[in-house]
Amino acid sequence: QVQLVESGGGLVQAGGSLRLSCAASGIIFRINAMGWYRQAPGKQREMVARVTSSGATNYADSVKGRFTISRDNAKNTVYLQMNSLNSEDTAVYYCNAELVTIKPLRDYWGQGTQVTVSS
């Protein structure tokens, strides 16, 4: 069974840092893009950062210069380093990956990890 397992969320003070990790497991033939999305209470889910299989990245304007996405292809893992956190970063963060498994290419999602920034 293919799954994405996130870790690293928690409570942090404004100005602090957190690092999220997401590992894909199961029978996986290929991983295309991987990324992080977030959803704050009462808001729609939004893209935070994505990284392609070749390492190209893109970020939401609100996190540029503060967040860094990276991936370790050998470990099927994507990371999100979050610095200079503020209260607007409070949300549930979801990992996303485009995977080819025994099924054709499709999106997979993690269960979400809560990030809370206290002011």
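This passage describes strand 9 and its partners in a predicted model, followed by Thr113 and two loop residues.

Strand 9 covers residues 91-100. Eight of its 10 residues are buried, and the strand is mostly covered. Three pairings involve this strand. Strand 4, residues 30-39, pairs with strand 9 over eight bridges. The sense is antiparallel. Within this pairing, Trp36 has Cys95 of strand 9 as its bridge partner.

Strand 10 spans residues 106-109. Its pairing with strand 9 is also antiparallel and runs over four bridges. The two strands form a hairpin, with five residues between them. Asn96 stands opposite Trp109 of strand 10.

Strand 11, residues 113-118, pairs with strand 9 over three bridges. This pairing, too, is antiparallel. Val92 has Gln114 in strand 11 as its bridge partner.

Thr113 belongs to strand 11. Its relative accessibility is 11%, so Thr113 counts as buried; the cut-off for this class is under 20%. Beyond residues up to four places away in sequence, Thr113 touches Glu6, Gly9, Leu20, Ala91, Val92 and Tyr93. Val92 thus appears twice in this account: as a contact of Thr113 and as the bridge partner of Gln114. Gly9 also takes part in a polar contact with Thr113. Here the backbone nitrogen of Gly9 lies 3.4 Å from a polar atom of the Thr113 side chain.

Backbone torsions were examined next. Most residues other than glycine have a negative phi. Asn76 has a positive value, with phi near 55°. Asn76 is placed in the loop between strand 7 (67-72) and strand 8 (77-82). Its relative accessibility is 25%, so Asn76 counts as partly exposed. The bounds of that class are 20% and 50%.

Ser84 likewise has a positive phi, near 50°. Ser84 is not a glycine either. Its place is in the loop between strand 8 and strand 9. With a relative accessible area of 43%, Ser84 is partly exposed. Strand 8 thus borders both loops: the one that holds Asn76 and the one that holds Ser84.

Technical notes
Residues numbered from 1 in each chain as written. Predicted model: local features only at pLDDT ≥ 70, side-chain atom pairs only at ≥ 80, totals over all residues. Heavy atoms only, no water. Buried < 20%, exposed > 50% of the residue type's maximum accessible area, 1.4 Å probe, protein only. Pairing = 2+ DSSP bridges. Polar contact = N/O pair within 3.5 Å; in protein donor to acceptor, adjacent residues only side chain to side chain. Contact = heavy atoms within 4.5 Å.
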